[in-house]
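Please walk through the structure shown here with attention to its internal space and its helices.

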Amino acid sequence: MKARLIPFLFFSNYFIGFLAIALSVETVFQLRLPMNSFSFYLLLFSATVVFYTRAYIPSGQSPVTNPRTRWYRQHHRFIRISQIVFLIIITIIVYRQVMFIRHIPKLPVWQWFLLLTIPLAATLYYGMWTYAPRLRNIGWLKPFLIGYVWAGAVVLLPVSFLMIEEKTHNVPNGFMLWLFLKNWMFCAVNAILFDLKDYADDANKEIKTFVVRAGLRKTIFLIIIPLLLTGFISFILFASYNHFGIAVILINALPFLLLIYIAFTMQQRKNILYYLVVIDGVLLVKACCGIAASLLQA
């Protein structure tokens, strides 16, 4: 049972859907806002699963080269049906929100800009627009695009839905912008780590990711580690400016330190479940740490 449950949870991308919910809950805790509605979390979960699963549906007809490809071939019918169900759920919730919206929330211009470009970036990632480039194939841009979409989904969307549903009106915009940038950087580094496992495939497809351009060790020591240290230092400065307690700083620092440790371990090749469980698991640790630190600070 356990041998079937773990691949199902991670290969189906359901775990990633739960991560999106956890990170959005972290956002509202850090901003001292009320929880979003159940329909929002269902929408976020469904959209996340559909977005990530779309890349693997064609693999059901492709040669079996790894455990995930094999799993998608074995469960091809289930995946197709679940995608349809999730798309129906997304349509119903979005329609309901549009039909029953009472007013357009007064958001800053920068927030409107980000909200409008998040879905655009997500669709361009897979090249869903005619004559538009498939940005997923631009190796150096791919992780930052993923991080951008994630930051928008787990920071801007929860707050915007709260304002649309009239559950809040006063939002600390400076703090929210910092949370957006922090999540963007963290998720982008997480995506670069994932590119390490696709080194051979990306090289064959001539997708110039960081690891294809620079190699494994240079990617880790000259790109991943400096980005993480920059993010960690910016957090320390932000925490000092806002007079965070030492316990709050240490709890929030844990995900950065954990990701640095994982980056060092990436010098040895790992199986696909390691990437899915450990690297994605860091995002769950980040969400839990953010919530715990917020409760401690309250």
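The paragraphs below take up a helix, a single residue and a cavity.

This is a predicted model, in which local features need pLDDT of at least 70, side-chain atom pairs count only at pLDDT 80 or more, and totals for chains, interfaces and linings use all residues. Residues are numbered from 1 along each chain as its sequence is written, and side-chain values use heavy atoms, with hydrogens and water left out.

Helix 3 covers residues 38-53; helices here are DSSP runs of H or I, at least four residues, numbered from the N terminus. Its end C-alpha atoms are 22 Å apart, which agrees with the 22 Å expected for 16 residues at 1.5 Å a residue (the expected span is 1.5 Å times one less than the number of residues). Of the 16 residues of helix 3, 13 are buried, so this helix is largely enclosed by the rest of the structure. Buried means under 20% relative accessible area, exposed over 50%, and partly exposed in between, with a 1.4 Å probe and protein chains only.

Leu120 sits in helix 6, residues 109-125. Leu120 is partly exposed, at a relative accessible area of 38%. From Leu120 to Val149 the C-alpha distance is 9.3 Å, with their positions 29 residues apart in sequence.

Turning to internal space, the whole structure holds two cavities of 30 Å³ or more. The lining of the second largest cavity includes Glu26, Lys182, Phe256 and Cys289. Helix 8 (173-197), helix 12 (246-265) and helix 13 (272-297) are the elements that each give two or more residues to this lining. A cavity is a set of 1 Å grid points where a 1.4 Å probe fits but cannot get out, and lining residues have an atom within 4 Å of a point.

Key:
1 Å grid on protein atoms, 1.4 Å probe; cavity = no way out; pocket = protein on both sides within 12 Å on 5 of 7 lines; lining within 4 Å. Points joined across faces, edges and corners; volume = space filled by probe spheres on them.
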